[in-house]
There are 2 protein chains.
Amino acid sequence: MVRPRFRKLPAAQQQTIVRAAVEEFAAHGFHDGSLNRVIDAAGVSKGSMYYYFDGKEDLYAYVTRLEFERLFDEVGPLGLSTLGDRDAFWEAVERYYGDLMAAFTASPQLAALTRGWLAAAANPALRTAQQELEVLTLPWIERTLAAGQDVGAVRADLPSGLMIGVVVGMGQAMDTYLIAEDPGDDRRRELIHAFVGMMRGALQP
Amino acid sequence: MVRPRFRKLPAAQQQTIVRAAVEEFAAHGFHDGSLNRVIDAAGVSKGSMYYYFDGKEDLYAYVTRLEFERLFDEVGPLGLSTLGDRDAFWEAVERYYGDLMAAFTASPQLAALTRGWLAAAANPALRTAQQELEVLTLPWIERTLAAGQDVGAVRADLPSGLMIGVVVGMGQAMDTYLIAEDPGDDRRRELIHAFVGMMRGALQP
DNA sequence: CCGCCGGTTCGACCGTCAGTCTAACACCGA
DNA sequence: TCGGTGTTAGACTGACGGTCGAACCGGCGG
């Protein structure tokens, strides 16, 4: 866990460190990202870095969480309360997914960080960082699925753990495809529509 | 690429090295697996190892491919020619998936290696190993999807690259779930049935 | 028998990594 | 001025993947 000392640092210095770390991890992922390079880039000594953070994984979890929170703040919540029927639910999901993808294309660095996170999340070396971030994302997915079940848009006969896994796996595939192909706006909308259609096919009762 | 010299070694010594590498990578994955430990366990010098293989990634790709080929040989092909209608196609897929999962539970080491491979496949550091193995698996998935399209069981309005990605992503989620939960035989059959149902919902026209 | 040569084996060595540890520093109240 | 506390610096450790030149070995020509 990030030490409270770090939060007491002048905002500018916090920003310098966080920015250097985000840049490094977005460019090289967790494994190939170098803590030593972050230290050099941020102009801080190794001793200080270890005085602020428990280690590389801690720093990674911290900055990734920071960026994800920024993303979720920016995109805003999925308006779950106003949903009446199944179609409305899936339309809301599609809109939301489109917003997320737009945020990713607007910030390639965030997209790279997310891709790296998805790629590395299964690695046991990141177990604690993973748990820290899952606390942020999984309940969100779970709530969304539950809302879909409330309006009869999502099947309720399977363990939610399995459905969450499938949703994450499909989303990861879609993200990778969209980032790799980088289609125009129209084509992207089209692909997202088809993709949410696939998700609907997989999840509806 | 593995050097031809390695194949000229006495079979026993090849096996010693391959076995040590499989053990190491199955236990720790690619990143956290140590080439030095493989070298120690196999009782071969570092110079010789680098005389046989280009490096760690090369060794990993080689032994993983070996294990996958063994798996595919064991499970055998999906009988595509005899398929008449959609239901028969999806039943064949379900049978095949069940066989794969049975092979995994029979050989936890192979399951661990596969899991590690799926987890690490997205990492750019493994690009060449990834391509080497995709040559083995992707055409197989592609052919299966094409056979499904022939009998009208799989939609034909999406790029196959996207569908392959989605299938792999869903499969990965299912594998992870099954390995983590380790249900009994009946429950596993049940879950696989539901899972293939989800896949069908996602892929059918 | 020697000398040589290509294929093979060996392990010391290199740069880099994440992480540890101790000495020094800055500030503050007594 | 002195001790104490919070902070910074960077030398150091062991392990990593990878490189390299020396040594070794079997066979062949002289």
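**Entry 1: DNA strand D**

I began at K56(B), where a backbone N or O atom lies 2.8 Å from a phosphate oxygen of DNA strand D. I note here that I am reading a predicted model, and that every distance I write down is computed from it. Looking for other contacts with phosphate oxygens of DNA strand D, I found a polar side-chain atom of Y51(A) at 2.7 Å and a polar backbone atom of N36(B) at 3.2 Å.

I then asked which residues come nearest to DNA strand D. Of the 16 residues around this strand, they are Y51(A), Y52(A), L35(B), Y50(B) and K56(B). Sugar and phosphate make up 60% of the atoms of DNA strand D that come within 4 Å of the protein.

For the helices, I wrote down that α4 of chain A, together with α3 (35-42) and α4 of chain B, each supply at least two residues of the surface near DNA strand D, and that the largest share, five residues, comes from α4(A). Sorted by class, the residues of this surface are four nonpolar, seven polar and five charged.

**Entry 2: DNA strand C**

Turning to DNA strand C, I found 16 residues around it, of which L35(A), K46(A), K56(A), Y51(B) and Y52(B) come nearest. Of the strand C atoms within 4 Å of the protein, 55% belong to sugar or phosphate, and the rest belong to bases.

Does G47(B) face a base oxygen or a phosphate oxygen of DNA strand C? I found a polar backbone atom of G47(B) 3.3 Å from a base oxygen, whereas the side chain of S45(B) has an N or O atom 3.4 Å from a phosphate oxygen, and the side chain of S48(B) has one 3.2 Å from a phosphate oxygen. The elements giving two or more residues to the surface near DNA strand C are α3 (35-42) and α4 (46-52) of chain A, with α4 (46-52) of chain B. The largest share, five residues, comes from α4(B). This surface has four nonpolar, seven polar and five charged residues.

**Entry 3: helix α3(A)**

I looked next at α3(A), whose buried residues are L35(A), V38(A), I39(A) and A42(A). Why do they lie on the same side of α3(A)? They cover an arc of only 100° around the axis, and that puts them on one side of the helix. The general rule I recalled is that an α-helix has 3.6 residues a turn, so residues three or four places apart point the same way.

The buried residues of α3(A) are covered by elements that include α2 (11-32), α4 and α5 (56-75) of chain A. On the face turned away from the buried side I found the exposed residues D40(A) and A41(A).

At the N-terminal end, S34(A) caps α3(A), with a side-chain oxygen 3.2 Å from the backbone nitrogen of N36(A). After α3(A) comes G43(A), whose phi is positive, near 65°.

**Entry 4: A120(A)**

I placed A120(A) in helix α7 (residues 108-120) of chain A. Is A120(A) buried or exposed? Its relative accessibility is 11%, so A120(A) counts as buried, given that buried means under 20%. I also looked up its separation from L66(A), which is 54 residues in sequence and 17 Å in space, C-alpha to C-alpha.

**Entry 5: the two chains**

Finally I compared the copies: a rotation of 180°, with 0.2 Å of shift along its axis, superposes chain B on chain A with an RMSD of 0.1 Å. That is the relation of a two-fold axis. I noted too that 100% of the interface residues of chain B are also interface residues in chain A, so the copies meet through the same surface.

Key: Residues numbered from 1 in each chain as written. Chains lettered and ligands numbered in written order. Predicted model: local features only at pLDDT ≥ 70, side-chain atom pairs only at ≥ 80, totals over all residues. Heavy atoms only, no water. Near = heavy atom within 4 Å. Polar contact = N/O pair within 3.5 Å; in protein donor to acceptor, adjacent residues only side chain to side chain. Helix = DSSP H or I, 4+ residues; strand = E, 2+ residues; numbered from the N terminus. Nonpolar A, V, L, I, M, F, W, Y, C, P; charged D, E, K, R; others polar. Buried < 20%, exposed > 50% of the residue type's maximum accessible area, 1.4 Å probe, protein only. Arc of directions from axis to C-beta. Contact = heavy atoms within 4.5 Å. Least-squares fit on C-alpha atoms with pLDDT ≥ 70 in both.
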